[in-house]
Amino acid sequence: MAIVLKNEAVGKDFYLLKVAGDYPASMGQFCMLRAWDEYPVLSRPISIFDCDTEGISFLYKVVGQGTELLAQLKPGDEVDVQGPYGNGFPTVTGKVALVGGGIGVAPLYYTAKTLKAQGCTVDLYLGFTEEAMLEDAYGAVCDKMTVNVGGYVTDEINPADYDVIMTCGPQIMMKVLADKVKGTAAQLYVSMENRMGCGVGACLVCSCKTSSGNKKVCKDGPVFKAEEVFGDE
């Protein structure tokens, strides 16, 4: 069990939770969180927002009973944190664009922070439905930030400007981006957000179709090359 350091509202229905501990997190990974005993039955998969010497942070949106219970946590409370799990974003070089929509912005903070530390040029494209959040935090870990509220953040990016693009958000947004990348030299990596039961590949709840057969988002992903999941569409 991990001790809650903070759990603060950062937007409408959005919370930033930080717990103490030493976690060997990589860009784009997630953890399974649980702050209840019997019900809901399943833990909740939450993307890693940040990781530092104090602990690990999660940006999440309240969308159901599990996340409603997470939102009630206060400093000093205990929460079960399993992970980090999954294959996240790869280590790359050059000019990188990170594109996020809605709660898909969550894993992009730590990804931007890590890539900047590795010497990449990093541009952030963040899309929100109603209001932007954490603009100062995101702006501090990138070279340029573009924010779109109420529109289509994919309209803001020219894939030909980048060596690598990494994205997380609604599947339709990532599909549009995959179509835009075709014909350019940019490599596109997508982070899938399927429902998960166990987080370790045992329950098959999160299976998705790929060009090489069904794969488990929690174990084989959540990050895939775009052509693996959108290549035949």
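1. Helix α2, formed by residues 108-117, lies across three strands: β7 (95-101), β8 (121-128) and β10. The direction of helix α2 is at about 170° to that of β7. These features are those of a predicted model.

2. A second helix, α4 (residues 171-181), packs on the sheet as well, where α4 touches β7, β10 and β11. Its direction makes about 165° with that of β10.

3. The sheet itself is open and has six strands, in the order β9-β8-β7-β10-β11-β14, and the pairing is mixed. At its edges stand β9 (144-149) and β14 (223-225), each of which pairs on one side only. From one strand to the next, the twist averages 20°.

4. Within this sheet, β10 (residues 164-168) and β11 (residues 187-191) run parallel and are joined by five bridges. In general, the strands of a sheet pair through backbone hydrogen bonds, in either a parallel or an antiparallel manner. As a point of reference for inspection, Met166 stands opposite Tyr189 in β11.

5. A separate point concerns the surface. Tyr39, Val41 and Leu42 make a nonpolar surface patch of about 330 Å². Of these residues, Tyr39 is placed in the loop between β3 (30-34) and β4 (44-51).

6. Is Tyr39 buried or exposed? Tyr39 counts as exposed because its relative accessibility is 57%, and the cut-off for exposed is over 50%.

Definitions and conventions
Residues numbered from 1 in each chain as written. Predicted model: local features only at pLDDT ≥ 70, side-chain atom pairs only at ≥ 80, totals over all residues. Heavy atoms only, no water. Patch = residues over 30% accessible without salt bridge, like charges linked within 9 Å, V, L, I, M, F, W, Y side chains within 5 Å. Areas by Shrake-Rupley, 256 points an atom, 1.4 Å probe, with all protein chains shown as cover. Salt bridge = Lys/Arg side-chain N within 4 Å of Asp/Glu carboxyl O. Helix = DSSP H or I, 4+ residues; strand = E, 2+ residues; numbered from the N terminus. Buried < 20%, exposed > 50% of the residue type's maximum accessible area, 1.4 Å probe, protein only. Pairing = 2+ DSSP bridges. Axes fitted to C-alpha atoms, helices over the stretch in contact; angles between N-to-C directions. Contact = heavy atoms within 4.5 Å.
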